[in-house]
Amino acid sequence: MKNLKWWQKTAVYQIYPKSFLDTTGSGTGDLRGITDKLDYLQKLGIGAVWLTPIYPSPQIDNGYDISDYTAIDKNFGTMKDFENLVAEGKRRNIRVVMDLVFNHSSDKHAWFIESKSSKNNPKADWYIWRDAKADGSPPTNWRGIFGGSVWQWCEERGQYYLHTFAVEQPDLNWENPKVRQALFDAANFWLEKGVGGFRIDAITYIKKPAEFLDGEPDGKDGMVSVHTMTANTDGILDFLHEFKREVFDGHDIFTVGEANGVDAEDLQKWVGSDGVFDMLFEFSHVNLSLKGGEIWCRPTKWKLTELKQAIANSQAATKNNGWYPIFFENHDKPRSINYFLPKGADSVKAAKALGTILLTMRGTPFIFEGQELGMSNVAWNSIDAYDDIQSHGQYELALNEGFSKEQALEFVHFFSRDNARTPMQWSADANAGFTAGKSWLPVNENYKTCNAEVEDVDENSVLNYFRKLNNLRQNNETLLNGDYEELLKDDEKIFAFVRSAENKKIYVLVNFTLDEVKFSPEFLSRAKFIFGSFENNVAGTLRPLEAVVYEEMK
Ligand code: NOJ
């Protein structure tokens, strides 16, 4: 068995700092709040925290619109607070991982302000500028990820600029070596601060096609998704190898790229010894409801066998080379128990069921804040209650496609990114103990029963389940490094797999339904029950949402 690196043996915890813990009463979370909770994270068995962006930002897209790459937004604290967090983290073996948002900056970044000022300033080609078509319309019919055209007219310069995401997030021009150097310098700045790695945002969009052409419309608005037209353009890997040489190489860190649209077959070019990153977030398993693309009003039905297949493909692709980041949640997705399990599922059982897969599969588990408590979706009764910019864009898109306001809101309820962004539920106190002020986003109503304080002392809570299973994982060679093989491939009710090492096999079975199901794999007679979401397992039976772990010594 090969030796594993530190980040392959631990679990990573994703923090959405704005919603984690507010220590000042401002209503938004801050860095000191994170430092205060390091002991909580240590008890959960976390070796690294990935922070979504904490740089100065107008917060149009909650920090993914950055106006200075080498500073801290004052709403989160100071550089001293950051340094203190890194130092306190190190004392507990918890490293801090930064989010690099290099496809685009904020339109308030000094680079863009200069770039838009004329066609011949020193930064004129730091962003992507094009003339209007002869009739004055935008250069192409590409629709941005948040809805509307990707092109924004700029009066000052007399040209359009391209923004894959919001109008306030202009895309940087990676073709310009000076832009690349400036971005690499920013990443190196954080390495000098002692960070433990990077999550690299929206990386599949950095390379644009040589020619900008209209695409076949995919919606009633006459537009086509920018994703179809620009994701993974040939030549992108050259940029990324340069990034690796200039920044990542020679550091004891991990990198995980956010790479929507990279298929399992292509993973080898992106991760592992010949690739660029250590891990890659690819979304095939969390986008099964959006098989036709990121259009919320066209949700697609999916079967458990498809989920199993998507995960099996990624496991196979990273079997001998590269490493898999296991995740069911992040700040862009609804809560996993609402997404993957049937309506009406008990949230505690559901969270344990998915948590069992998360913590026993091969790869590094990424726990999103609150997932370890079983936090769930919200459903607010007006679109105005939603902060998420994408929810607003998708709501408009649904209305354009002919849906009623009520229907459009239902899509938002299901898919909104705010589902994951409601404040962390620390206690049954006001605002779930998140803030003493007015919370920037309402707290989920279930906070009185679903919170860290209550769960800490409840042996049967989701929190203690995650703690115990993560501990089991980190002390178990087979769970850390054993091979992964899918079992019961064609079964639409049970998610099952086996992890095998030289002297041991570990079987994991999870019932995804609200029915009791029977199972009779041949290993049952040889293996013993070692862990599960119910106290005992009745051999051969899985109660609704039950998860079991069996061990067989060879
Ligand atoms: C992906 C991030 O995870 C998401 O939150 C953000 O809106 C976009 N990239 C744009 O940066």
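How far is an oxygen atom of the ligand from an N or O atom in the side chain of Arg417? The distance is 3.0 Å, and the legends below set it in context.

This is a predicted model, in which local features need pLDDT of at least 70 and side-chain atom pairs count only at pLDDT 80 or more, while totals for chains, interfaces and linings use all residues. Residues are numbered from 1 along each chain as its sequence is written, and side-chain values use heavy atoms, with hydrogens and water left out.

**View 1. The residues around the ligand.** Let's start with the shell, where a residue is near the ligand if one of its heavy atoms lies within 4 Å of it. Its members include Asp61, Tyr64, His104, Glu258 and Arg421. By class, three are nonpolar, two polar and seven charged. Here Tyr and Phe count as nonpolar, His as polar, and Asp, Glu and Arg as charged.

**View 2. Polar contacts of the ligand.** A polar contact is a pair of N or O atoms within 3.5 Å. One ligand oxygen atom lies 2.4 Å from a side-chain N or O atom of Asp332, and for Arg199 the corresponding distance is 3.0 Å. The protein buries 98% of the 290 Å² that the ligand exposes when taken alone (Shrake-Rupley method, 1.4 Å probe).

**View 3. Helix H12 against helix H13.** The axes of H12 (residues 389-400) and H13 (residues 405-415) come within 9 Å and cross at roughly 140° (lines fitted to C-alpha atoms over the stretch in contact, with angles from 0 to 180 degrees between N-to-C directions). Contact, meaning heavy atoms within 4.5 Å, involves Tyr395 and Leu399 of H12, among others, and residues of H13 including Leu409 and Phe411. Seven of the contact residues are nonpolar, one is polar and one is charged.

Definitions and conventions
A polar contact is a pair of N or O atoms within 3.5 Å; within protein, one must be able to donate a hydrogen and the other to accept it, and residues adjacent in sequence count only if both atoms are side-chain atoms. Helices (H or I, at least four residues) and strands (E, at least two) are DSSP runs, numbered from the N terminus.
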